[in-house]
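Here are some exercises on a ligand site and the pockets of a protein. Keep the viewer open and work through each task before you read its solution.

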Amino acid sequence: MAAIPGNVREILKTLEAAGYEAWCVGGCVRDILSGRTPEDWDVTTSALPEEVLAAFGAGALPTGLKHGTVTVRTAAGAVEVTTYRVDGDYRDHRHPENVTFTRSLEEDLARRDFTVNAMALGLGGELRDPFGGRRDLEQGVLRCVGDPDRRFQEDALRILRGMRFAAVLGLELQCETAAAMEKNRALLGEIAPERIQIELVKLFRGAWAGRVLEAHPGIVGVFWPEVLPMVDFDQRNVHHCCDVWRHSLAAMMAVPPAPELRCAALLHDIGKPDTFTLDGDGVGHFYGHAKVSGRMAEGMLRRLRFPNEFRERVLRLIAWHDRDIPRTDKGVRRALRLLGEEELRLLLALKRADNLAQAPAYRGRQLEIDKGEAILERLLAEDACFSLKQLAVKGNDLLALGLRGPAVGRALETLLNKVVDGELPNEREALLEFVTKS
Ligand code: ATP
Ligand code: MG
């Protein structure tokens, strides 16, 4: 078992030396037992918050006293130390009315959401696991601590956390847990959109995200009802062997786990049910679906308060997903100009995945994408110009020629467009001559 890091050991030792119990708890214990590297280490202790503050003096900050949390600063980063606690009644499906501190580790573990999150690890390597979290991890099962129905009614965010842990850890939802998630899903409507968004982003990264979403579209449909018409929507088109929902999930799982890319893949065809038409031969078409998908996705991302940058990137990827792959120098330079290198690479990944998620006979597009990618690599290696930063002429050069105000910006844009289109070389003399003559 991976060792507890030195700074966390020091915290446990300090608390034990002062006469209290102290354990690593929650996500970090789950992660090391499943061979992952914990992102952060949380400590739980029998010491009351003021006792923790006293034990660490100036190194401790009362960051969440109401919930019993004190942040201890260490050279290797901050560690949250939380007093054993029991949650009071939940009245709004979100937050306990009050919390009370306890001196019992078992009581603290019992308030936690899933068995795999309800384990504590001591300094000497001792594991406290009253709910069988270790066995569940080994057997690949995600199970609530206690009665699932009650636990999801207390705090509905746990429904989405459950999907997230299943997606990230590759766990199967235990059947009563899964049934209670579905039964109580409408309660997610009472959860703050920002909190749903945070869980969703973590879920998108999961290597098993497709499987979990496929099993539970109804839960997603509580905050994103737009996904529901995709489920089982027959495309009636030889290019496709899956309904829109399964095609979208297949595309989502075929892109790298960057959340924007996963999200764009999930939503790229969401406008398909609304744009469906059947021609005289009984073939389905979705004219203009990229535009409609973009409009719908914008509303969905705004509703969950995704950051502007995230939203704008997803919308650009959706808007471009249905365009031809650029396969000429000029086409790739234009795409670079409009998207930049990073985003063009994301777009190529999305196009690759979109094509891989089509019917096997129509996956030949991969070769076109290879070609676009090869041009991209060559242009980058040649230091091709596709942004104002790379243009051989700057604003000052144009001021020196007597241009003023907005005319400077306009001239720079014109020059860049001509260079990108191959009509002018990216050379100072030639560019200045063009400006003088026009
Ligand atoms: P990660 O940090 O990887 O997102 P985590 O399991 O550490 O996962 P946190 O949100 O950091 O998740 O919470 C730490 C621990 O607190 C959890 O492992 C769980 O024991 C408990 N916990 C967090 N949120 C809830 C909740 N809504 N209901 C019950 N217990 C919770
Ligand atoms: Mg954590």
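**Exercise 1.** Start with a backbone contact: find how far a polar backbone atom of Gly27 is from an oxygen atom of ligand 1, then look for side chains that make polar contacts with the ligand.

*Solution.* Keep in mind that this is a predicted model.
- Step 1: a polar backbone atom of Gly27 is 3.2 Å from an oxygen atom of ligand 1. That pair counts as a polar contact because the cut-off for N or O atoms is 3.5 Å.
- Step 2: turn to Arg112, where a polar side-chain atom lies 3.1 Å from a ligand oxygen.
- Step 3: at Asp155, the partner is a nitrogen atom of ligand 1, 2.8 Å from a polar side-chain atom.

**Exercise 2.** Work out how much of the accessible area of ligand 1 the protein covers, and describe the shell of residues that surround the ligand.

*Solution.*
- Step 1: on its own, ligand 1 has 590 Å² of accessible area, and the protein covers 76% of that.
- Step 2: the shell holds 13 residues, and the closest are Arg30, Asn117, Asp155, Arg158 and Arg164.
- Step 3: sort the shell by class, which gives nine charged, three polar and one nonpolar residue.
- Step 4: assign the shell to elements. Helix H2 (27-33) and helix H7 (157-169) are the elements that give two or more residues, and H7 has the largest share, with four.

**Exercise 3.** Decide which pocket ligand 1 occupies, and describe the lining of that pocket.

*Solution.*
- Step 1: ligand 1 takes up space in the largest pocket, whose volume is about 1800 Å³.
- Step 2: 46 residues line this pocket, and those closest to its centre are Asp42, Asp113, Arg161, Arg164 and Phe165.
- Step 3: by class, the lining has 23 charged, 13 nonpolar and ten polar residues.
- Step 4: H7 supplies the largest share of the lining, seven residues. Among the other elements that supply at least two are H2, strand E5 (77-83) and helix H9 (193-205).

**Exercise 4.** Now characterise the second largest pocket by its volume and its lining.

*Solution.*
- Step 1: the pocket holds about 530 Å³ of space.
- Step 2: of its 24 lining residues, His240, His289, Asp322, Gln358 and Arg365 are the closest to the centre.
- Step 3: strand E13 (284-285) and helices H15 (289-303), H17 (329-356) and H18 (365-381) each give two or more residues to the lining.
- Step 4: the class count is ten polar, nine charged and five nonpolar.

Terms used: Residues are numbered from 1 along each chain as its sequence is written. Chains are lettered from A and ligands numbered from 1 in the order in which they are written. This is a predicted model: local features need pLDDT of at least 70, side-chain atom pairs count only at pLDDT 80 or more; totals for chains, interfaces and linings use all residues. Side-chain values use heavy atoms; hydrogens and water are left out. A residue is near a molecule or strand if one of its heavy atoms lies within 4 Å of it. A polar contact is a pair of N or O atoms within 3.5 Å; within protein, one must be able to donate a hydrogen and the other to accept it, and residues adjacent in sequence count only if both atoms are side-chain atoms. Accessible areas come from the Shrake-Rupley method with a 1.4 Å probe; for residues, only the protein chains shown count as cover. On a 1 Å grid over the protein atoms alone, a cavity is a set of points where a 1.4 Å probe fits but cannot get out, and a pocket is an open set with protein on both sides within 12 Å along at least five of seven lines; lining residues have an atom within 4 Å of a point. A molecule sits in a cavity or pocket if more than half of its atoms lie within 2 Å of its grid points. Ala, Val, Leu, Ile, Met, Phe, Trp, Tyr, Cys and Pro count as nonpolar, Asp, Glu, Lys and Arg as charged, and the others, Gly among them, as polar. Grid points are joined across faces, edges and corners, and a volume is the space filled by probe spheres set on the points.
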